[in-house]
Amino acid sequence: MTNKQTILDLIGKSESALSHNDLLLTLGDTMNRVTIYRILDKLVASGQVHKIIDIDGVSKFASCHVCDEHDHHHNHVHFSCTKCQSVTCLEDVVPAFSLPANYMVEEMNFTLSGVCPECK
Ligand SMILES: [Zn+2]
Ligand SMILES: [Zn+2]
Ligand SMILES: [Zn+2]
């Protein structure tokens, strides 16, 4: 398995989004931090994973299901747990809003914070 597949696999199997540091803890014996950064950048660029900024400003990564390199399409909500720091994609939750005329959205970042079911 290539390094890229290994990382993609880990992110895909994880229930919550993984940070660079989470990946480094798991893969530190076989990959260095720069390699992991580069691979994450490539995976984001090719539409295989998306980046989420959690409430503490840490970037986390989760898999994409319908994206490709031309169209990253994310309008779901992310939930950031204040107890275990996990970030979960709530793919079925789509926020509704309406913007004033002439505003064009290019990126959405909806993160709710609170207590996840595991910590409740
Ligand atoms: Zn995506
Ligand atoms: Zn939690
Ligand atoms: Zn997500």
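**Two helices, two sheets and a shared core**

In this predicted model, helices α1 and α3 are roughly perpendicular to each other, because their axes cross at roughly 70 degrees and angles from 65 to 115 degrees count as roughly perpendicular. The axes come within 10 Å. On the side of α1, the contact is made by N3, K4, I7 and L8; on the side of α3, it is made by T35, I36, I39, K42 and L43. By character, these residues divide into five nonpolar, two polar and two charged.

The strands may be considered next. Strands of a sheet pair through backbone hydrogen bonds, either parallel or antiparallel. One open sheet consists of three strands in the order β1-β3-β2, and its pairing is antiparallel. Strands β1 (residues 18–19) and β2 (residues 49–53) stand at the edges; each has a single partner strand, so one side of each is left without a neighbour in the sheet. Between β2 and β3 (residues 59–63), the antiparallel pairing extends over five bridges. Within this arrangement, I52 stands opposite K60 of β3.

Another open sheet of three strands follows the order β5-β4-β6, and here the pairing is mixed. The edge positions belong to β5 and β6, each of which has a single partner strand, so one side of each lacks a neighbour in the sheet. On average, neighbouring strands of this sheet are turned by 25 degrees against each other, direction ignored. Strands β4 and β5 pair in the antiparallel sense over four bridges, and V77 stands opposite L90 in β5.

Helices and strands alike contribute to the interior. In soluble globular proteins, nonpolar side chains tend to be buried together. The largest nonpolar core in this model has 17 residues, and those with the most contacts inside it are I11, A17, V49, F61 and A62. Two or more residues of this core are given by each of α1 (3–13), α3 (33–45), β2, β3, β4 (77–81) and β5 (87–90). The largest share, three residues, comes from α3. The surroundings of I11 offer an example: leaving aside residues up to four places away in sequence, I11 touches L18, V49, F61, A62 and S63.

The last residue to be considered is P117, in the segment after β6 (111–114). Is P117 buried or exposed? P117 counts as exposed because it has 8 C-beta neighbours inside 10 Å, and a residue with 12 or fewer is classed as exposed. P117 and C81 are 36 residues apart in sequence, with 9.2 Å between their C-alpha atoms in space.

Notes. Residues are numbered from 1 along each chain as its sequence is written. Chains are lettered from A and ligands numbered from 1 in the order in which they are written. This is a predicted model: local features need pLDDT of at least 70, side-chain atom pairs count only at pLDDT 80 or more; totals for chains, interfaces and linings use all residues. Two strands pair if DSSP finds at least two bridges between them. A nonpolar core is a set of buried Ala, Val, Leu, Ile, Met, Phe, Trp, Tyr and Cys residues joined through C-beta atoms within 7 Å. A residue is buried if 20 or more other C-beta atoms lie within 10 Å of its own, exposed if 12 or fewer, and partly exposed in between; C-beta atoms are placed from the backbone. Two residues are in contact if their C-beta atoms, placed from the backbone, lie within 7 Å. Axes are lines fitted to C-alpha atoms, for helices over the stretch in contact, and angles run from 0 to 180 degrees between N-to-C directions. Angles under 35 degrees count as roughly parallel, over 145 as roughly antiparallel, 65 to 115 as roughly perpendicular and the rest as oblique. Ala, Val, Leu, Ile, Met, Phe, Trp, Tyr, Cys and Pro count as nonpolar, Asp, Glu, Lys and Arg as charged, and the others, Gly among them, as polar.
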